[in-house]
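Me: I've got a model open and I'd like to talk it through, a bit at a time. Can you keep it informal and show the reasoning?

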Amino acid sequence: MGLSRRDFLKTSIAASTAATVGMPVAKQAAAAVKASEAGWQWDKAVCRFCGTGCGIMVATKDGQLVATKGDPDAPVNRGLNCVKGYFNGKIQSGKDRLTQPLMRMKDGKFDKKGQFVPVTWEQAFDEMERQFRRVYAEKGPTGIAMLASAQKTIQEGYAFNKLFKAGWRSNNIDPNARNCMASAVAAFYSVFGTDEPAGNYDDIEYADTMVLWGANMAEMHPILWSRVTNRRLGHKAARVINLTTFRNMSSDIADLEIIFKPQTDLAIQNYIAREIIARNAVNWDFVNKHCVFATGPYDIGYGMRPTDKFAFPAEKDVQERERRVKLDKYEAIAQRRTEGEIVEQKNTANPAAHWLITFEDFKKAVEPYTLDFVAELAKGDPDEPLEQFKAKLKQLADHYIDPQRKVVSFWTMGFNQSVRGTWVNEQCYMNHLLLGKQSQPGNGAFSLTGQPSACGTAREVGVFCHRLPADRLIPNPAHRAFTEKQWNLPPKTLNPQIGSFYAKILRDLEDGSVKWLWVAVNNPFQSHPNINHWLKAARELDNFVVVSEAYPGVSAKVADVILPSAMIFEKWGSYGNAERRTQHWRQQVMPPGQARADIWQAMEFSKRFKIKDFWGEQKVPGLKAEGYEDGKLPSVLDEAVKMGYSPEDSLYKVLFATPANLKVRWPDAVAKGHPNHVATLLGDGWFPEKALWQEYVPFTRGDGKDLADFDVYHGDKVRGLKWPVVDGKETGWRFNEQYDPYVKKGAGFEFYGKLFKAIPTGDLDKVTDPKPVSVAGKAKIFFRPYAAPVEQPDANYDLWFCTGRVLEHWHTGTMTRRVPELHRAVPAAVLWMHPDDAKARGLKRNDLAWVESRRGKVQIRVETGGRNAMPRGYTYAPFFDEGVLVNRICIDAACPISKESDYKKSAVKVYKA
Amino acid sequence: MDVKRREFMVHVAQGTAVAATGAMLWLYMLRQEARAHPFALRPPGALPEADFNATCIKCGKCVNACPYDTLDLAAAGGDLPIGTPYFIPRDIPCYLCPDIPCMKACPTGALSPELKDINDSRMGLAVIDLENCLSWRGLRCEICHRECPLKGKAITLETHPRPISKHAMFYPIVHSDACTGCGICEKACPTTEAAIRVLPHKMVQGKIGDHYRLGWTFDTEITQDFKPAPPAASSAPPAATPKRAPGMDYLNEGGL
């Protein structure tokens, strides 16, 4: 017994007296806060969640994370956070945090049908290794795969990329960024020849008109949205235009809201281009000096499988459109063909091909996109008068064309997650380039990213099946040779054949061509569309699935081995945000229990393999590349021995603990006393996160991607730096001589990206002269036509279905649903629909309904009010809720160029449950 | 109201209490006392509600001491424990006597003598109904701000541009670190029903989580000499593998 009741009363009175009596409430509270903060240690870090990349400060005491705050010195957010960011300090302490490796066991042995049982790291790695060797022996480098992440740290991405591509000679590593940013990347490549935006967030404070194209920034980039709103309120001329398929939170401050039919953004963009030409508003000085015109094939399919062998019966009719498409009325006009024409999809294998055209051809191509045609096609709200919609489209064009207005176009998943995602990205540049409104403060097309390190980790490091670090590509022999040299590999170690992209890895798992899969920092079995296929592939087929996770989510549930991972502040790392800003942080606390950083998992597992296991001859089905025997990777072991390696050397020694890296010692003064559990566990005295960073940066230098040294980012005054960082200075606007040191003096602008800068010449339909013409230094203005979505509502599946995020939850909710406050705020996904649509189906708000597509069905509560207002015919439900796996419904069609899935356009029916 | 009448009223209230000797009524009163009375506005210096109810002997001395007739004693059947002092600001607010006569009159410390400065009193907190506040609707009212005895501290004005005209908005904002809860603003509010009202703190105040600090409110230097915690489990050699681990139950329950 501690306090007596009387003591208790006395203390409680004394303590609470302050609340009602002694004034100094504020002072006292402040003092109490201050006292409670004694001994706190603060360090800078970055928010775990979206691509905005807000700077935060993290406080620790006695090895525990005690608080966070927005970093007032961070130029991105100036001390602010959204409500997810507010909970950075709580995401790692959920009650069911995974702290022990788990493996499916029966009778003391691994068993695919067994129950999860705690095991040691040793046991988990033993089984992973055994299965890996079995699969690798049977299938070679293409039989293994990793679903990687744009939420890995840059160093983790780099380590796994190297392990797969250099160690295991497999290009089957692809990130969830594929489903987030790939269309943006494909367009950056095709238009500029180099990835990532020209502008930066300061564009907001210079812009007059900010146009959102399928970007609900109010919820998805909350802090950027407060900057946009501030600009709108504080600058008299500022206007905000929201183009969307349903009314969302961003409409609240929009001056103009344009609700369009899914995928008709393609037509609206061409209408603007047509207007620019018709009103004689082309900035010819800019276009002549800095641009060329281009187009490509239209018959590129929809990124689905070429075969319907694995399709559910109900899927087959849509699947058929992968091979041949009957043009509807609008497509016929938009593509200058006839209605009802059957078009064989002949360019599914090479959808990214493109060639030069003349301006006259370009003008001819956009000619059909008149206001009347586009308005009739694109009007999304059946209850809006056509004339009103027309007036809005005209106003939109006015904004772009007005020479007095600086215009920024923002987009995210509305563009990117589309079966024509790359095209619509290219079209956005088309209009900015025609007007010369690009790469200047307040003028530019700005691709926002969804994830915290889509840019930094996935894109810059090249953690894709076709990429190598810093804009280098697997099929390019010079890029492979450069990478081999940097990595000190024998020539031809790298596999020249592009690996399987994200969706294909899951399809491979289903068709048996991949049998060993490692998933880390993403949750594909909840987040990838059409999951009924993949759930079955993981659990019912002879596949081995490893999932590195912090919490038991859906992917963990279908795994065979679960590795407990350290979370963001439990390890050293770095992220790169949407404005090319690279930000680093130190480890703040130790991971709980047996949880360990993914980078340690990669390196520790690599110790089990020798170079002779992989660097001998390997079969790679379908491999065809100059200098390689068909279907084979050559042995590079002799060359390796000449370079001083022994066949018995471990991958760990050759890839990670190299002599150069071992010289980067731990502990290091840059740590200021912070721990590093990875360095401690590896135990050989090096500092992996710093060594790998320093190994990586030479890839970026001299090529317009320059990153600074590790210690620079850890400087007390530095809050991230926007690359290219040249002579210690960051770059605000790329391709603009005033700001970008890579632009030739006197050029004004130079689109110096090197990829796809020699292309053939042709007309609107075909190549007429295959001889490549150099377009070095220029950006391409693409003509891309309107194409109908692959699946549209019909008599049976009569409603549109779209999925995405809500502000309160991050992606699949593995973290945010562990924060009780966020879970309480938004405990479950709901289906937004128009009240009339609900009523017609005998449903009202909060009723339980089935949502069913050709692929599957889920039960969900109906919402007819709230934050989104759907036009008749449209529904929306977020994907965070593992109790409502909406990806059972979504189609896994994708942009054939970028391979990014289209989450925004499935056809469903809704009925009472 | 003259002194005699006031004394009479006090006696009536006390009389009710004294007369209430029937067992049923007594139980009723006990229940009343035991219950929290979240809406009661008490005189300056009152202890927290539960302690106040336990300490106040319902003598009425504070009521008699109040020169403004602000205070009254709760009658039977109301929301408050019978015989305890309270006030209704819209009728008569507390005028914040610098010598705090009510507190000085209190024989038990229910109105705590720890209150030395009347401006330190915390009777409640003013809250504004933004929808019906004339100032928040764009009129130039701001009576509450001007009438507030702690004007500029307890109530300040924030100016904001107004999208629909050239005329700025003047938003009154209440600050809990200075508001005494006197209710002069509520009394003065010119709307038919007061758009600013005083409520007990716990009825209106939220709390930001301890895990978060507002970034711009104080500078935080990066700690130059970080002291890591003693080695945690994961850097120590792995302990014996446990039989159970977090997440297992969910992972093993099937159902996908």
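Reply: Sure, and one term before we start: a residue is buried if 20 or more other C-beta atoms lie within 10 Å of its own, exposed if 12 or fewer, and partly exposed in between. Keep in mind that this is a predicted model.

Me: With that cut-off, what percentage of the residues of chain A count as buried?

Reply: The count runs over the 913 residues of chain A. A residue needs 20 or more other C-beta atoms within 10 Å to get in. The share that makes it is 62%.

Me: How many residues does the globule rule get for chain A, and why is the chain called as compact as a globular protein of that length?

Reply: Chain A has 32 helices and 36 strands. Its radius of gyration is 27 Å, close to the 29 Å from the globule rule, so chain A is as compact as a globular protein of that length. The C-alpha trace spans about 85 × 80 × 60 Å along its principal axes. The length fed into the rule is 913 residues.

Me: Among contacts in chain A between residues at least 6 apart in sequence, what percentage join residues at least 24 apart?

Reply: Start from the pairs in contact that are at least 6 apart in sequence. Then keep the ones whose residues are at least 24 apart. That leaves 71%.

Me: Where in chain A does pLDDT stay under 50?

Reply: On the whole the scores are good: chain A averages a pLDDT of 95, and 97% of the residues score at least 70. One stretch stays under 50, and for that stretch the model has 18 contacts beyond four places in sequence. The stretch is residues 1-20 of chain A.

Me: Which element gives the largest share of the side of domain 2 of chain A that touches domain 3 of chain A?

Reply: The domain assignment puts domain 2 of chain A at 41-86 and domain 3 at 102-178 + 460-650, and their C-alpha centres lie 30 Å apart. In the contact, 15 residues of domain 2 of chain A meet 12 residues of domain 3 of chain A. On the domain 2 side, β1 (41-46), β2 (55-61) and β3 (64-70) of chain A each supply at least two residues. The largest share is four residues, and it comes from β1(A).

Me: And by class, how many charged residues does that side of domain 2 of chain A have where it touches domain 3 of chain A?

Reply: The side of domain 2 of chain A that touches domain 3 of chain A has five nonpolar residues and seven polar ones. The charged residues number three.

Me: Now the two chains. Which element gives the largest share of the side of chain B that touches chain A?

Reply: The contact takes 49 residues from chain B and 62 residues from chain A. On the chain B side, the elements giving two or more residues are β7 (212-213) and α9 (248-252). By class, that side of chain B has 22 nonpolar, 14 polar and 13 charged residues. The largest share, four residues, comes from α9(B).

Me: Which residue in β7(B) does A:K69 stand opposite?

Reply: β3(A) and β7(B) pair across the chains in the parallel sense, over two bridges. In that pairing, A:K69 stands opposite B:R213.

Me: Within chain B, which residue in β6(B) stands opposite B:I128?

Reply: Strand β3 of chain B (residues 125-128) and β6(B) pair in the antiparallel sense over four bridges. In a regular strand the side chains alternate between the two faces of the sheet. For β6 of chain B (residues 196-199), the covered face is B:I196 and B:V198, and the uncovered one is B:R197 and B:L199. Opposite B:I128 stands B:I196.

Me: Back to chain A: which residue with a positive phi follows α20(A)?

Reply: Helix α20 of chain A (residues 502-511) is mostly covered, with eight of its 10 residues buried. Among those buried are A:Y502, A:I505 and A:L509. The buried residues of α20(A) pack against elements including β7 (144-148), β20 (516-520) and α22 of chain A. After α20(A), with a phi near 85°, comes A:G512.

Me: Is A:R539 buried, partly exposed or exposed?

Reply: A:R539 lies in helix α22 of chain A (residues 531-540). Its C-alpha atom is separated by 8.6 Å from that of A:D560, 21 residues apart along the chain. A:R539 has 18 other C-beta atoms within 10 Å, so A:R539 is partly exposed.

Technical notes:
Residues numbered from 1 in each chain as written. Chains lettered and ligands numbered in written order. Domains from an automatic or database assignment. Contact = placed C-beta atoms within 7 Å. Nonpolar A, V, L, I, M, F, W, Y, C, P; charged D, E, K, R; others polar. Pairing = 2+ DSSP bridges. Rg over C-alpha atoms; globule rule 2.2 N^0.38 Å. pLDDT = per-residue confidence, 0-100.
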